[in-house]
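Dear colleague,

I am handing over the structure below, and my notes on it follow. Please read them with the model open beside you.

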Amino acid sequence: MKVYAVGGAVRDELLGLPVKDRDYVVVGAGPEEMVRLGFKPVGKDFPVFLHPQTHEEYALARTERKTGRGYHGFAFHAAPDVTLEQDLTRRDLTINAIARDERGAIIDPFNGAADLKAGVLRHVSPAFAEDPVRILRVARFAARYGFAIAPETQALMRNMVKEGEADALVAERVWQEVALGLMEKKPSRMFEALRECGALDRVMPEIDALFTSGEQGVETLHALDAAVQAGASLEARFAVLARSLDPIAVEALADRLRAPAACRDLALLAARHANLIADAAGLDAEVLLELLNTTDVWRRPERFAELMTAALVDEPEAGAARARLERALRAAVAVDAGKIAQAAANPDEIRGRINAARLEAVRRALDAN
């Protein structure tokens, strides 16, 4: 029985990056021996075990065989006679097919270390084409590391899309990869990579359409990278991605990806109000108050802050727009709505009186600056 560190941990160590999770491959053992040594079985599709002390994942070396379309259509074989190289062969990219033995020696049968040094994402074998999720992963790694995609891998991804493999992707898995990609260092690279191989039109046609309508696609990608510099949340970054779309297209996109409600809601607000927020420096009190009312800032102030981020990340006049909005908001929030409600003789008058008081407060605050 031999144990090897594999995958992301080895890759990131070679890049000099911090390692978050460590995964291991076990060669020469079966499930019974792992259990006897105190490991806890957790794998549903293939034998994966948790170490009794560290709780890190140890998987038995395995091979796999394609049995159907999509990423569920695989049969796995894990046995003591499966070699380390056989296990590494099934991996997606050469940079993820590097192992380190217990003495620290590197095992690199596919020259992944050289590709790391050159900054290249290259598939390990033709078996790459059997799993369409790998298209998304390559695009995400491009966003994380800024690496180029090898021409032969780009051609393989393009052919996978042509053959309909990308159509077998399920919404939950697409969203998982898109969400991770949005949080990488250069998310624009993910969408560029997906578009270059034709996959963007299959998984997010609404976003792909932005590239055929003038400069909107390029502007969206620029704004996504600006959102990284602003430290924007996932919800805000998804809103940046969707803000140039028609609200109906945003709903279609969110439905297709099964995006979380918080992402969907903020993206819809951005599609409806981002342009107005960008112009806030020149808006009068009435328009500003209507914007605050429409976005329900009174109950969701934190969401409005995210909306401003999504709308202003790449705006040259962002500072002036944000300052005017925040000044208007502070003035409106300072109005004692409860006191006005108590003083109203007719319940039907409450909303109008509160709105009038807020408008007057906003006017005074804007006139004072």
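Which side chain of opposite charge is nearest to D131, and how many Å away is it? The side chain in question is R134, which is 4.2 Å away, and D131 is buried yet has no salt bridge. Here buried means under 20% relative accessible area, exposed means over 50%, and partly exposed is what lies in between, with a 1.4 Å probe and protein chains only. A salt bridge is a side-chain nitrogen of Lys or Arg within 4 Å of a carboxyl oxygen of Asp or Glu, and for charge Lys and Arg count as positive and Asp and Glu as negative, while His and the chain ends are not counted.

Before going further, please note that this is a predicted model, in which local features need pLDDT of at least 70 and side-chain atom pairs count only at pLDDT 80 or more, whereas totals for chains, interfaces and linings use all residues. Residues are numbered from 1 along each chain as its sequence is written, and side-chain values use heavy atoms, with hydrogens and water left out.

To return to D131, this residue sits in the loop between β10 (120-121) and α5 (133-145), where helices (H or I, at least four residues) and strands (E, at least two) are DSSP runs numbered from the N terminus. Its side chain reaches the backbone nitrogen of V133 at 3.1 Å.

Helix α14 (residues 261-278) has 18 residues and spans 24 Å from its first C-alpha to its last, close to the 26 Å expected at 1.5 Å a residue, the expected span being 1.5 Å times one less than the number of residues. The helix bends by about 55° at R272, the bend being the angle between axes fitted to the seven residues ending there and the seven starting there. Among the buried residues of α14 are C263, L266 and H273, and C263 has a relative accessible area of 1%.

Another cysteine, C197, is also buried, at 3%. The count of disulfides comes to zero, a disulfide being a pair of cysteine sulfur atoms within 2.5 Å.

Two residues that are not glycine have a positive phi. N111, with a phi of about 60°, lies in the loop between β9 (106-107) and α4 (112-118) and is exposed at 52% relative accessible area. R258, with a phi near 55°, is placed in the loop between α13 (247-257) and α14 and counts as exposed at 56% relative accessibility.

With best regards

Terms used
A polar contact is a pair of N or O atoms within 3.5 Å; within protein, one must be able to donate a hydrogen and the other to accept it, and residues adjacent in sequence count only if both atoms are side-chain atoms.
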